[in-house]
Amino acid sequence: MRQVERAIFDIRRGLPVLLRDEAGDTLVHPIEGIGDEQLRKLTQTAGCTPGLVLTAHRLAAMGHNFNDDRGTRGGRLRIEGVSDSDTLTLLAASRYARGVDGDTWQALTMADEAALAMMRRALLIPAAITARIDPEQSERIEQLIAEGELLAVSAESARACQNSTVGLLGRISEAEIPLVEAERTRFILFREPDGLREHIAVVIGDPEQWDQAVPVRLHSACLTGDLFGSLRCDCGEQLRNGVDSIQRMGGGVLLYLAQEGRGIGLANKLRAYAMQDEGLDTIDADQVLGFGEDERHYAMALDILIELGIRRIQLLTNNPAKLAAMNQGGIEVVNRQGIYGRLTNQNHRYLTAKAHRAGHLLDEVLDEQEETGSATFSRAASK
Ligand SMILES: Nc1nc2c(ncn2[C@@H]2O[C@H](COP(=O)(O)OP(=O)(O)OP(=O)(O)O)[C@@H](O)[C@H]2O)c(=O)[nH]1
Ligand SMILES: [Zn+2]
């Protein structure tokens, strides 16, 4: 696995890596950072025509109803006629690209799937150029590996890089951090084993005095909202209201999860915002980039709660997916309480899309706002 983690760092730097499986070797280059020169070099090193690998979400956004025979993970386009990298970048992430003349999408190989998994783990646009190595090039490839110019990793372990962390979180450090809304508070930092993500358990009050069903908030990181008070979303206020509510409920835990942008990362969230400014909603913009409507999973949240000895909770959320994840993961949710931020001119469309397209339980509040014209989600409505 360690080789895969190293490879993810190379990919984030815009370098190619080599994936190995029984079928042979495949050279993989992230679409981010590909230029004409890199494309030429990749083709030369592999000794064959590369292909562009895209997710099923991206293909759907381009209007292709492509299903491979094992499901809908994505497709690969042989890019014979395409020699300029700009065209590839447009195919991977432009709202307007529909394909190239006569394109035919092939099913993904294990290495192609592994490439997409690594792009996601690296928080890049989930698209890659892949090229099967011609056997005649093997000697050159071995030389590059021996010189430390190219990292070779197993395609199978690379494909598993997104779920490699379950159950292995490290409890790294902790300290008392008194907060405005809750003076008696302890931060405990957990690190995923590959070192790429850190999550924080904010423990509010005295665990000895907690209710039997512990108040819990799962908060996904939002740098723009949490730190800068962005008006595009409701996260900053939800964060503070979350701490405040837990304090008032007698103490509990807020998990601050490294899931920026519903799991797509800050760079992609900013790309998605730019597309929202051109008219797309929050879900369609993510899909243009190749992502599903919500890329988060909550395995690490379950692990942290169990590590903290918590099995029964009162969950502060409007998101049915969080409820389902807790219940399926063996944490009993005895009740759910809504949690709201301020409605602004700028976040109204975002919240409406979440309610209508992703099933978030915000309808009542949005309706009330429409009726009264009031600009706050002030009620801590309980359902
Ligand atoms: N991709 C994407 N992510 C966004 C956008 N706006 C906000 N986010 C992210 O959405 C996530 C919101 O997470 P949470 O605060 O946990 O909220 P939630 O899933 O709506 O659920 P609850 O607040 O619990 O009801 C954060 O990771 C934000 O960074 C957007 O337009 N696009
Ligand atoms: Zn936000």
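The protein chain averages a pLDDT of 89, and 91% of its residues score at least 70. The structure is a predicted model, and for the complex the predictor gives an ipTM of 0.97 together with a pTM of 0.91. Confidence is not uniform along the chain: over residues 372–383 the pLDDT stays under 50. For this stretch, the model has 26 contacts beyond four places in sequence.

An open sheet is formed by seven strands, in the order E5-E4-E3-E6-E2-E1-E7, and its pairing is mixed. Its edges are occupied by strand E5 (105–106) and strand E7 (152–154); each has a single partner strand, so one side of each is left without a neighbour in the sheet. Within the sheet, strand E3 (residues 51–55) pairs with strand E6 (residues 127–132) in the antiparallel sense, over four bridges. In this pairing, Val53 stands opposite Ala128 in E6.

Helices pack against these strands. Helix H6 (residues 138–146) packs on the sheet, where it touches strand E1 (17–21), E2 and E7. The direction of H6 makes about 120 degrees with that of E1. Helix H2 (residues 36–46), in turn, lies across strand E2 (24–30) and E6, and runs at about 175 degrees to E2.

A metal site is found elsewhere in the chain. The zinc ion (ligand 2) is coordinated by the SG atoms of Cys222, Cys233 and Cys235, at 2.2 Å. The spacing of these donor residues in sequence is C-x10-C-x1-C. Cys222 and Cys233 link distant parts of the chain, being 11 residues apart. Cys222 lies in the loop between strand E11 (214–220) and helix H8 (223–227), whereas Cys233 belongs to the loop between H8 and helix H9 (235–248). Both Cys222 and Cys233 are buried.

A further loop, between strand E13 (312–316) and helix H13 (320–328), contains Asn319. The relative accessibility of Asn319 is 5%, and this residue therefore counts as buried, the limit for that class being under 20%. The side chain of Asn319 reaches the backbone nitrogen of Ala321 at 2.9 Å. When neighbours within four places in sequence are left aside, Asn319 is in contact with Asp294, Arg296, Tyr298 and His360.

Conventions: Residues are numbered from 1 along each chain as its sequence is written. Chains are lettered from A and ligands numbered from 1 in the order in which they are written. This is a predicted model: local features need pLDDT of at least 70, side-chain atom pairs count only at pLDDT 80 or more; totals for chains, interfaces and linings use all residues. Side-chain values use heavy atoms; hydrogens and water are left out. Two strands pair if DSSP finds at least two bridges between them. Helices (H or I, at least four residues) and strands (E, at least two) are DSSP runs, numbered from the N terminus. Contact means heavy atoms within 4.5 Å. Axes are lines fitted to C-alpha atoms, for helices over the stretch in contact, and angles run from 0 to 180 degrees between N-to-C directions. Donors are N, O and S atoms within 2.8 Å of the metal (3.2 Å for Na, K and Ca); water is not among the atoms, so sites may look incomplete. Buried means under 20% relative accessible area, exposed over 50%, partly exposed in between (1.4 Å probe, protein chains only). pLDDT is the predictor's confidence in each residue, from 0 to 100. A polar contact is a pair of N or O atoms within 3.5 Å; within protein, one must be able to donate a hydrogen and the other to accept it, and residues adjacent in sequence count only if both atoms are side-chain atoms.
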